[in-house]
Number of protein chains: 2
Amino acid sequence: MAEANRRATSREVADAAGVSQATVSNVLNRPDVVAPETRERVTRAMESLNFVVNRSARELRMGSSEACGVIVLDIANPFWAQVTSGIESVTGPLERAVLLASSGESTVKERQLLHQLEAAGLLGLLVAPTGEHLDELWRIQARGTGVVLIDHDDATGRLPAVALDHVAGARLATNHLIAQGHRRIAMVNGSIQNHWCRDRRAGYEQVCRSAGITPLEVAVDGMTVASGFDCVSHLLAIDGLTAVFCVNDMVALGVLKGLSERGVGVPEEISVIGYDDSEFSAMLSPALTTVRQSAFAIGAAAARVLFNIESVESANRSLEAPVLVDRQSVVPARY
Amino acid sequence: MAEANRRATSREVADAAGVSQATVSNVLNRPDVVAPETRERVTRAMESLNFVVNRSARELRMGSSEACGVIVLDIANPFWAQVTSGIESVTGPLERAVLLASSGESTVKERQLLHQLEAAGLLGLLVAPTGEHLDELWRIQARGTGVVLIDHDDATGRLPAVALDHVAGARLATNHLIAQGHRRIAMVNGSIQNHWCRDRRAGYEQVCRSAGITPLEVAVDGMTVASGFDCVSHLLAIDGLTAVFCVNDMVALGVLKGLSERGVGVPEEISVIGYDDSEFSAMLSPALTTVRQSAFAIGAAAARVLFNIESVESANRSLEAPVLVDRQSVVPARY
DNA sequence: GTGAAAGCGCTAACAT
DNA sequence: ATGTTAGCGCTTTCAC
C-alpha cells in the first residue's frame with residue numbers, strides 16, 4: 001500500500017527528489033528559477049507522493065490568503081444566488097477560493113460570520129450588511145482585511161461600495177404605474193432595517209408626492225413568497241386600490257398567488273409590479289412587469305474591486321441603471 | 001491611534017495581560033483550566049487589542065480545520081441554492097465555515113476546485129460530482145479528508161453518499177402521465193453525463209416500456225430555462241405528442257414559455273410535468289405539475305454525515321421519498 | 001494554575 | 001542553481 005494516510009509534505013517531496021525543501025518551494029512558486037531537469041524530477045516526486053501544498057502553512061508564512069469571504073443576505077433568494085454567480089465568475093478564473101456564508105438577514109448571525117471569516121485570514125470580504133452598523137466592518141478593514149460592500153453604501157466613504165440605484169428603480173416602477181393612470185398605489189415593503197427597502201420606498205414616495213398622491217405602505221416581515229401571500233388581506237382592505245408595487249419579485253409572486261386565490265383579477269382589477277426580474281418572472285401568468293437590475297454584474301463588480309482589478313468608481317459606473325421590464329401585470333387603470 | 005494596522009497575536013495578548021502565551025491559548029481552548037481572575041484579565045486584553053485568532057496558525061498546528069468545502073453543480077440553480085441552505089443549516093449552529101464552490105457541471109473545473117479545496121486542509125468535502133470519475137475523490141479520502149457525495153452514489157461503496165431516488169421520482173411522473181391517458185410522451189433531458197438525467201431517464205423508460213409505449217427523448221445542453229425554451233421546436237416536430245416530462249422545473253419553465261409563444265395551449269394541447277417543485281412552480285400559469293424532492297434535506301443530511309452527527313444509513317432513510325405534486329399543467333389526454 | 005519550549009509545513013533571505 | 005536557516009502564530013506536553 002503506497003498510499004499514505006497522511007498528506008505528503010514538501011520535506012518528503014524534497015527527500016524523494018533528492019533536493020532541498022527550498023527547491024521544492026521554488027518549483028511551486030517560481031518555477032523559472034529552477035533548472036528544467038531538477039524541476040522535472042521534483043514534479044514527478046510530487047505526483048508520485050500525491051503532494052498538495054498545505055495552505056494553512058503557506059498562509060501562515062505569507063501572512064495572508066488569496067481567498068475571499070462573502071456574506072450575502074439569503075442564499076436561497078435567487079437575487080443573491082445570482083450575485084454569488086457573479087462573484088464566482090471573477091474568482092474562478094483567478095483560482096481564488098470563495099468562502100460563502102449567508103446571514104439570513106440576522107445581525108447577530110452576521111457578527112458571528114464576520115468574526116469567523118476574519119479569523120480565516122482571508123484577503124478580503126465581500127459583504128451585504130444586514131443593517132447600518134458598519135463599525136465592525138470598519139474595524140476589520142483597519143486590521144488589514146479588505147472589505148467591499150455589496151449593494152450598500154458607506155456614508156462615511158471609508159468602505160468601497162458597489163451599489164445599485166434602488167431609488168431610481170423604484171421611481172421607474174412608480175412612474176410607470178402613475179403613467180398608466182393609477183392613483184391608489186400600495187407598496188408592499190420589507191423591513192426598513194434593510195436599506196433596499198428604504199431606498200425603494202424613498203423612490204416610491206418621491207414620485208407619489210410629486211404626483212400629489214398619498215403613499216400607501218404595507219410592511220411584511222421577510223422578502224419572500226410567503227410574506228407576499230400573507231399580506232394580501234391587508235392589501236384588499238385598502239379602499240379603491242388599483243395597483244401594487246412589490247419590493248421584489250418573490251413578494252410579487254406571493255401577492256399574485258394570494259390575489260388569484262381570492263378571485264381578484266390581475267391585471268384587470270389590480271395591477272402588480274415587481275422588482276429584480278427574477279428568472280421566473282417572465283413566465284408567470286400574467287407575466288410580471290418588473291424592474292431589472294443586474295445581480296450578476298454587481299457580484300462581479302464587487303469582486304473586481306476587492307482584487308484591485310478595477311476601481312470602485314469605474315465598477316459603479318459599469319453597473320447598468322435599472323430598467324423597466326414592461327410585461328402583462330400592469331395595465332391602465334379603469335375608472 | 002490605538003488601532004494597529006496588523007492583527008494582534010496571542011503573544012501580544014499574553015504580554016498585555018502579563019501572562020504566558022500558553023495561558024492565552026488555554027483561555028481560548030480550555031477556559032475551565034485557568035483561574036477565573038486570570039481568565040478575566042486575558043479576556044480584557046483580547047478585547048482591547050481586538051484579538052482574533054489566526055486560523056492558519058491554529059490549523060497548521062492542529063493539522064486540520066473545522067471547515068468544510070462544498071462543490072455543487074450550479075449555484076444559480078434554485079435546487080442547489082436550496083441544498084446549500086440545508087448545509088448551512090447544520091454548519092451555522094456548529095460555527096463551522098463553509099467554502100462553497102460551483103463546478104458549473106464542468107469536469108475540469110471540478111478537478112481544479114477539488115485541488116484547491118484539498119489544499120485548504122479542510123475537515124471534509126461535500127461534493128456533487130459532475131461525472132462518474134470518482135477516483136480523485138477516492139484519493140482525497142485516502143489522504144485523510146472526509147468526503148461525502150451529494151446526490152450521487154458510489155457503486156464501490158467507498159464514499160458515503162446521500163442520494164435522492166431519481167428513478168422513483170421519474171417513475172412517479174411518467175406513471176401520472178400514463179394514468180391520464182397519454183401515450184406519446186417526450187422527455188426533455190439534460191446530458192446523460194449527469195447521473196440525475198440518467199436516473200430520471202431510466203425511470204421514465206422503465207415505465208414507458210412496461211406500458212408498451214416508446215420513449216421519446218429530446219436532449220438539451222444545460223438544465224436551464226433557456227435550453228428548455230430552445231428545444232420546443234424539436235418537441236413540436238414529434239408526431240402526435242400530447243405530454244412532456246421535463247428533467248427539472250427550470251427546463252419546464254422554458255418549455256412552457258416556448259409553447260406559449262408558439263400558441264400551443266398547456267395543458268389543453270400538451271401536458272407538461274416538471275421535477276423539483278421549485279418555489280416558482282406553483283405560481284406559474286398553468287401551475288406546474290411536478291415531482292417534489294427535498295433539496296434542503298439532502299444538504300443538511302450530507303453535512304450531518306460529514307460531521308459524524310448521523311450515519312449514512314440513517315441520513316438516507318430520513319430523506320423523504322419523492323412525491324407527485326399534482327397541479328394544473330397535466331390533464332387527461334383527449335383523442 | 002501557569003510558564004518554557006518545541007514544532008506543525010511552508011517561504012524567503014542569505015549564503016554557497 | 002541550489003541549500004541553509006529562521007520564523008510565521010498557534011497549541012501542547014512537561015516542568016514547576
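Helices (H or I, at least four residues) and strands (E, at least two) are DSSP runs, and they are numbered from the N terminus. The model is predicted, and local features need pLDDT of at least 70, side-chain atom pairs count only at pLDDT 80 or more, and totals for chains, interfaces and linings use all residues. Residues are numbered from 1 along each chain as its sequence is written, chains are lettered from A and ligands numbered from 1 in the order in which they are written, and side-chain values use heavy atoms, with hydrogens and water left out.

**View 1. The cis peptide bonds before Pro267(A) and Pro267(B).**
In chain A, the bond from Val266(A) to Pro267(A) is cis, with omega near 10 degrees, and Pro267(A) sits in the loop that runs between α12 (249-261) and β9 (271-273). In chain B, the bond from Val266(B) to Pro267(B) is likewise cis, with omega near 10 degrees, and Pro267(B) belongs to the loop between α12 (249-261) and β9 (271-273) of chain B. Most residues other than glycine have a negative phi, and most peptide bonds are trans.

**View 2. Two residues with a positive phi, Asn50(A) and Asp277(B).**
Asn50(A) is not a glycine, yet its phi is positive, at about 55 degrees; this residue lies in the loop that links α3 (36-49) to α4 of chain A. Asp277(B), also not a glycine, has a positive phi of about 50 degrees and is placed in the loop between β9 and β10 (290-292) of chain B. With a relative accessibility of 16%, Asp277(B) counts as buried, where buried means under 20% relative accessible area, exposed over 50% and partly exposed in between (1.4 Å probe, protein chains only).

**View 3. The surroundings of Val272(A) in the largest nonpolar core.**
A nonpolar core is a set of buried Ala, Val, Leu, Ile, Met, Phe, Trp, Tyr and Cys residues joined through side-chain atoms within 4.5 Å. The largest core has 154 residues, and among these Val272(A) and Val272(B) touch the most other members. Leaving aside residues up to four places away in sequence, the contacts of Val272(A) (heavy atoms within 4.5 Å) include Val244(A), Cys246(A), Leu256(A), Val266(A), Leu288(A) and Val330(A). A second, separate core holds 39 residues, including Val147(A), Leu149(A), Leu159(A) and Ala161(B).

**View 4. The largest cavity, with residues of both chains in its lining.**
On a 1 Å grid over the protein atoms alone, a cavity is a set of points where a 1.4 Å probe fits but cannot get out, and lining residues have an atom within 4 Å of a point. Seven cavities of 30 Å³ or more are found in the structure, and the largest of them encloses about 270 Å³, a volume being the space filled by probe spheres set on grid points joined across faces, edges and corners. Its lining consists of 22 residues, with Glu59(A), Leu99(A), Ala120(A), Leu99(B) and Ala120(B) nearest the centre. Two or more lining residues come from each of α4 (55-62) and α6 (107-119) of chain A, and from α4 (55-62) and α6 (107-119) of chain B.

**View 5. The second largest cavity, of about 140 Å³.**
Fifteen residues line this second largest cavity, and those closest to its centre are Arg96(A), Ala97(A), Val98(A), Ala101(B) and Leu113(B). The elements that give two or more residues are α5 (78-91) of chain A together with β2 (98-102) and α6 of chain B, and α6(B) provides the largest share of the lining, five residues.

Conventions: On a 1 Å grid over the protein atoms alone, a cavity is a set of points where a 1.4 Å probe fits but cannot get out, and a pocket is an open set with protein on both sides within 12 Å along at least five of seven lines; lining residues have an atom within 4 Å of a point.
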